[in-house]
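This report describes a structure in plain terms. Please look at the sequence and the model first, then read on.

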Amino acid sequence: MRNMFADAPRTSLTAIYWAFLLYLLLPLTLMMAMSFKDANFVAFPIGEWTLDWYAKVMQDKQFLEACLYSVMIAACSTLAATTLGTWIAMLIVAEGIKGQIIIFALACLPAVVPGMISAISLRIFISTIDMPTGTAAIILGHTVHAVPFVVVMALTRLRSMPGNLVDAARDLGADSVVAFFRVTLPYLKPALVGGMIFCVLLSIDDFVRTFFLGGYRPTLPMLIFAKVQGGMSPEINAMATLVLVVTAAVGLYAEYLTRRARTR
Amino acid sequence: MQPVVQFDNVTKSYGKHVAVENLNLSIEAGKFVTLLGPSGCGKSTSLRMLGGFETPNSGRILLGGKDVTRVPPNKRNVNIVFQDYALFPHMSVAKNIAFGLELKGLDNQRIHRRVNELLELVQLQDYAKRLPSELSGGQRQRVALMRALAPDPEVLLLDEPLSALDAKLRQQMQIELKSIQEKTGKTFMFVTHDQEEALTMSDTIVVMNKGKIEQMGDPNTLYGRPGSVFVANFIGETNLLRSTVVGTEGETAALSWNGITIKAAQGGLTPKAGDHLYVVLRPEAIHCSAAEPTSGNRIKGKIRHRVFKGNHTSLSVEVGDGTMLNALVHPSDVTQLNGEDIWVGWKPETTTVIPDRHAHN
Ligand SMILES: Nc1ncnc2c1ncn2[C@@H]1O[C@H](COP(=O)(O)OP(=O)(O)OP(=O)(O)O)[C@@H](O)[C@H]1O
Ligand SMILES: [Mg+2]
């Protein structure tokens, strides 16, 4: 009896943990399971199993185009955000520049502004400068959103960089540009690769900003949203499962990279 | 001959704090010159000004006769070996060494040859492809040295490069550094706060204190004829006997110290009776005996501490009114124990005198 009471807090903690895991994984598992169902509607029981939905998705031109479009937007915004974020991080650690805290705060702002607000303000912004909605606007929105993450990751790495490295490069004849590209950038590489993968995921995942800034061409989340509105079908489950698997793999790889960078 | 490096009245301050004050220093080509001084005396600042990483507030720095005071580091023909080596972590040993050569625009073949030649000089041929993180402390040290030597600088600057190594390795590297300097014939400007390191390697030692040069000379002179109390205390162990001049006779002065009269070589000073002087008495110049010595300076005392140190014994002898003299003697020469009486003696010519700057007489 005494033992049971002594173990009660522990037992309940473990129970909560498993319940949470179930809550986290059950919807995903259900979604994946349904994508293999050989019927036209999403509901239990699953009588027959099939891979037909995947075959269908892979031949769905709309889906493939949306994938390509999303990847293109992700690539462009990632490139822009990484360049911008690295530059801002360099500015923040540079000597003799005033207001570095303000720069840092401003750079981080987009990460804490609610997505909705940032989407609306971006929309208002592009219409004031007469920029049409569409690809460029989406890239702009995604870039603004991703910059803070690059800044923080690059900054963390920069702060751990021995100050003498750049001095040594300068001493051996490098001007500041050469020193940046041959010493600082390679040093930042692991952090930047991790940051870039994170940017890609943020961009592919983004719905609100894309919705406000986009034109007629749907990105992946927009396409799936449109399809869901047309009624659930295991085909959507198959699409979502594919996206889930690919992004999870990429995300895990990014985590692995940042971990390795930290232990080096 | 034209000096390679000249500091011409150089002053550098940070805010109100003056780090280096009116530094005048000429360095001859091919010499191993050491800046020696306590922490914060401006050694690194002087070196960094020569490297181009700090700009003096006033004065000029000349390199090979040319004014480089405002020339950026990448346009100066000097290279630094940093205290923490600052090897590029993502480049192999060979790439690190090649860095300066590539920036000089040498062709690949010549770079390859030069890198191998330098690796051979420090026996690291087999490590060319390793990353710095895969080397030992001593090996990193050598790579940093070769990287800095590779572009053939006019002067090699070394900022406490040995301080990260353990005692044994440090001694080994001191010898190696000196031999590399001799082999290459380069001018080395070395910074340290370790007097032993300075004495071991240098042709010239520049003792700095609070941003100024206190004294400059070869190790022998600095040890044997320190010009100030600071130098005498900083280089080696010493007994400083504060005494008053009684009279002079030729090159020797008679001084009153501790109730007795001692003689000392004047060492270029012209003291008058009544002046206060410090006599610099090195511990190894002292002889101890049971019987009163027949000549030279002598005083009777009691042994207070006796420490056996293998090849010598260190004694603290109390003389007169509680003054302690430290002596280094051969273990078999002194058999007396703590508390026993002993005669302390030394030859006048083994000492030197320093004026007492703070005396008001
Ligand atoms: N960037 C700086 N800003 C302000 N003060 C500085 C700066 N660099 C050095 N100083 C000051 O200048 C003085 C000389 O510094 P320096 O680094 O030349 O000393 P050091 O002789 O090399 O000492 P150590 O043996 O500790 O390396 C010190 O009092 C130091 O506090
Ligand atoms: Mg220093």
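Helices (H or I, at least four residues) and strands (E, at least two) are DSSP runs, numbered from the N terminus. This is a predicted model, in which local features need pLDDT of at least 70, side-chain atom pairs count only at pLDDT 80 or more, and totals for chains, interfaces and linings use all residues. Residues are numbered from 1 along each chain as its sequence is written, chains are lettered from A and ligands numbered from 1 in the order in which they are written, and side-chain values use heavy atoms, with hydrogens and water left out.

**Chain A**

UniProt positions are given in the numbering used here, feature names are shortened, and annotations may be inferred rather than shown by experiment. In an unreviewed entry, UniProt lists residues 12-34, 68-94, 101-126, 132-155, 191-216 and 236-254 of chain A under "transmembrane region". The UniProt annotation "domain: ABC transmembrane type-1", also from an unreviewed entry, covers residues 67-254 of chain A. Three of these annotated spans are set out below.

| Span of chain A | Helix | Strand | Distance between end C-alpha atoms |
|---|---|---|---|
| residues 12-34 | 100% | 0% | 32 Å |
| residues 191-216 | 81% | 0% | 35 Å |
| residues 67-254 | 82% | 0% | 21 Å |

**Chain B**

Chain B contains 8 helices and 20 strands. Its C-alpha trace spans about 75 × 45 × 35 Å along the principal axes. Of the 361 residues of chain B, 49% count as buried (under 20% relative accessible area; exposed is over 50%, partly exposed in between, with a 1.4 Å probe and protein chains only). Contact means heavy atoms within 4.5 Å. Among contacts in chain B between residues at least 6 apart in sequence, 66% join residues at least 24 apart.

**Aromatic pairs**

Rings of Phe, Tyr and Trp (its six-membered ring) pair if their centres lie within 6.5 Å; planes under 30 degrees apart count as stacked, over 60 as edge-to-face and the rest as tilted. Over all chains, the whole structure has 14 aromatic pairs. The ring centres of A:Phe180 and A:Phe181 are 5.1 Å apart and their planes stand at 80 degrees, so this pair is edge-to-face. A:Phe181 counts as exposed, because its relative accessibility is 52%. The rings of B:Phe230 and B:Phe234 are stacked, because their planes are at 10 degrees, with centres 5.6 Å apart. Both residues lie in helix α8 (residues 229-234) of chain B, 4 residues apart, which is about one turn of the helix. B:Phe230 is partly exposed, at a relative accessible area of 22%. In chain A, one aromatic cluster is formed by A:Phe207, A:Phe211, A:Phe212 and A:Phe225.
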